[in-house]
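Subject: Structure for you to look at

Dear colleague,

I am handing over a structure that you have not seen before, and below it I describe what turned up when I went through it. Please read the notes with the structure open beside you.

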Amino acid sequence: MQTALILFAIQGLIGAFDNLWHHEITEKLSSKPNARGELILHTIREFIYAVIFVGIAWFAWNGWWAILLMTLMAIEVVVTLWDFVIEDQTRKLPGFERILHTLLAINFGAILAFFLPVAVTWSAAETALTVVNYGPLSWTMTAYGVGVFGWALYDLWVVVRLSLPEWKRNPVLPGHKQEPLNVLVTGATGFVGKVLVRALIARGDKPLVLARNPAKAVYLFGPHAEVIEELDKIPTGRKIDAVINLAGEPLLGGLWTKRRKEKLIASRVETTQGLIALLRRLEQKPEVLINGSAVGYYGRRDDELLRENAKPQDIFTSRLCVEWEQTAKQAEALGLRVCLLRIGLVFGRGGGAFPQLARPIKLGLGAIMGHGRQWMSWIHLQDLVGLILFVIDRKDVAGPINATAPVPVTNEDFTRKLARQARRPVFLRVPAFVLRTLLGELSDLFIAGQRVVPQRAEGYGYRFRWPDLEAALPNLMGSDVSSFEQGPEEDICWVYYDDACEICAGEIGHYRREALQQGLGIAFHGLSSGERALAGYGLSEADAKRRLYVYDGDGRLVSGIDAMAAIWARIPRYRWAARLVRRPVLHGAAELLYDAVAVPMLMLWNACRGRRNSGAGRKVIHG
């Protein structure tokens, strides 16, 4: 049995690495709506493994319990084979992932060879769960079981979240302009791009989104943006006023091998070349091309203060940005105004560099990289999007522009300020030679910095909302920064709910009475009146029946558990619940309960109630 447990442990290790590296880091399945079927299978398999790992660690499954255990293992085999088929149909598996899958299959075969005789012996005994103890192996398997159970909950949360499009979960209200701009955006489904597209929609422009994964773009933007998969499909007579190029493979997607470097350059240069080809054949040229490069253009510069006139170096990050910018500058010959944004580390919640840098610090594992004196040139997500919109509108802005906050920080200063904000100690340092040994040239992102200042942006008159890190940290650690919609003039909370649902009407009625008694600024609208207001967001009556929506004083329409939290935050006696449910882990759990339990039960209850009412109506008619 101990051999079988060791093989189970090996299976858990390989599976965990495959999940983390391929499914989450490289493929990012949790952000792909078309991966929902695959993630459902992963969730089922992970729950099965959680039961198996903990179950065999502490119990002998005698009699019919052994049959149940083997049934679970048979289901796992079927689910895994089904998963392999779906993976081959929906995405191209890299060679390394195929190798891991082969190793998992071989190891599972070995597990069966050693475990089946044990299971047969168990099945012959009297039905009972008998306590056993295999020492460290039992505790190891328990740790695996707890870990895989947590991952199963995470995958379940992702599956439920992907079942509702993001544009319905966090709606955006299209603005109205007398002359809206038609804006082509590449990289629109990335961390910066998706916020930028929402900002364009909110101010009344018409985004045209180029997406390698159209399903993801539709999931994010719905009817508010036009989605295309290839630039060649844009007709020559199409009117495009501005082009924003943010496409490119993430720099942190793997070690910078020769092949990886070629892929990083190609992902940027080839997309930009495609844009230049499009611009050449368009009958009416856009006014501006904004190309999102990076401060890596300047290379390794120690304490040198870098303005836009600083020169690049002969290292990879510089060559990458130089080739990218030179390709974009070809649009100048076509009469376009070309703006080359050299973007620093983008800090925002929900993606980008900040959560990855903050997570170890919040866990008390914050570490200073190298000597810590290397500079970090950063920019708040809101300021980056605001600067892009500023560049679109200002006809006199062209050439290179440093998209960084006016006050850069050193790595040590950043780490200590973030640790103070999180109320955590910092006592670790990671020597530079360790990072260089482990990461090679990729370590430049952590131990080689640039002290970049936005001289031209400030010279043109752009006012940074978050000019220094100290002011930005409370925002980054606390409130959501994803919205650029304008808020209402009065500080009032508008609640839209299905008043035809007796349970919903009863719950919301309680909050209505609280609001009336205390004179709170909360307005309640049933479906009959609320649906008209929600229609402006592209939401239908079915959406209003399925979810609670609240238009809060910060100018956002939120739904689901966020809508409940918005109501609670307005009522003094429930503010504790709003604070509690907005905690990161608890927020995910509350979302899962709302979407996977509360909503389906209410929908089922209302459907059954509707059938009963219609049946009663028929009896009355026949009577």
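Helix 1 gives the most to the lining of the second largest pocket, contributing 9 residues. Please keep in mind throughout that this is a predicted model. The lining comprises 29 residues in total, and those nearest the centre of the pocket are Gln11, Gly15, Ala16, Arg45 and Tyr49. Besides helix 1 (2-26), at least two lining residues each come from helix 2 (36-58), helix 3 (64-90), helix 4 (95-124) and helix 5 (136-162), and the volume that this second largest pocket encloses is about 670 Å³.

Further along the chain there is a sheet that deserves a slower look. It is an open sheet of 3 strands in the order 11-10-14, and its pairing is mixed. Its edges are formed by strand 11 (351-352) and strand 14 (378-380), each of which pairs on one side only. As general background, strands of a sheet pair through backbone hydrogen bonds, and they do so either parallel or antiparallel. Here strand 10 (residues 345-348) pairs with strand 11 in the antiparallel sense over 2 bridges, with Gly348 standing opposite Gly351 of strand 11. These two strands form a hairpin with 2 residues between them, and Gly350, in the turn, has a positive phi of about 85°. Towards strand 14, by contrast, strand 10 pairs in the parallel sense, over 3 bridges, and there Leu345 is found opposite Trp378 in strand 14.

Two helices accompany this sheet. Helix 11 (residues 353-362) lies across strand 10 and strand 11, and runs at about 75° to strand 10. Helix 12 (residues 381-393) packs on the sheet as well, where it touches strand 10 and strand 14, its direction making about 80° with that of strand 14.

Lastly, the nonpolar cores. Which residues of the largest nonpolar core touch the most other members? Of its 52 residues, they are Leu196, Ile244, Ile290 and Leu387. If residues up to four places away in sequence are not counted, Ile290 touches Val243, Ile244, Asn245, Cys339, Leu341, Ile388, Val391 and Ile392. Apart from this core lies another one, of 30 residues, which include Ala9, Ala50, Leu72 and Val132. In soluble globular proteins, nonpolar side chains tend to be buried together.

With best wishes

Notes. Residues are numbered from 1 along each chain as its sequence is written. This is a predicted model: local features need pLDDT of at least 70, side-chain atom pairs count only at pLDDT 80 or more; totals for chains, interfaces and linings use all residues. Side-chain values use heavy atoms; hydrogens and water are left out. Two strands pair if DSSP finds at least two bridges between them. Helices (H or I, at least four residues) and strands (E, at least two) are DSSP runs, numbered from the N terminus. Contact means heavy atoms within 4.5 Å. Axes are lines fitted to C-alpha atoms, for helices over the stretch in contact, and angles run from 0 to 180 degrees between N-to-C directions. A nonpolar core is a set of buried Ala, Val, Leu, Ile, Met, Phe, Trp, Tyr and Cys residues joined through side-chain atoms within 4.5 Å. Buried means under 20% relative accessible area, exposed over 50%, partly exposed in between (1.4 Å probe, protein chains only). On a 1 Å grid over the protein atoms alone, a cavity is a set of points where a 1.4 Å probe fits but cannot get out, and a pocket is an open set with protein on both sides within 12 Å along at least five of seven lines; lining residues have an atom within 4 Å of a point. Grid points are joined across faces, edges and corners, and a volume is the space filled by probe spheres set on the points.
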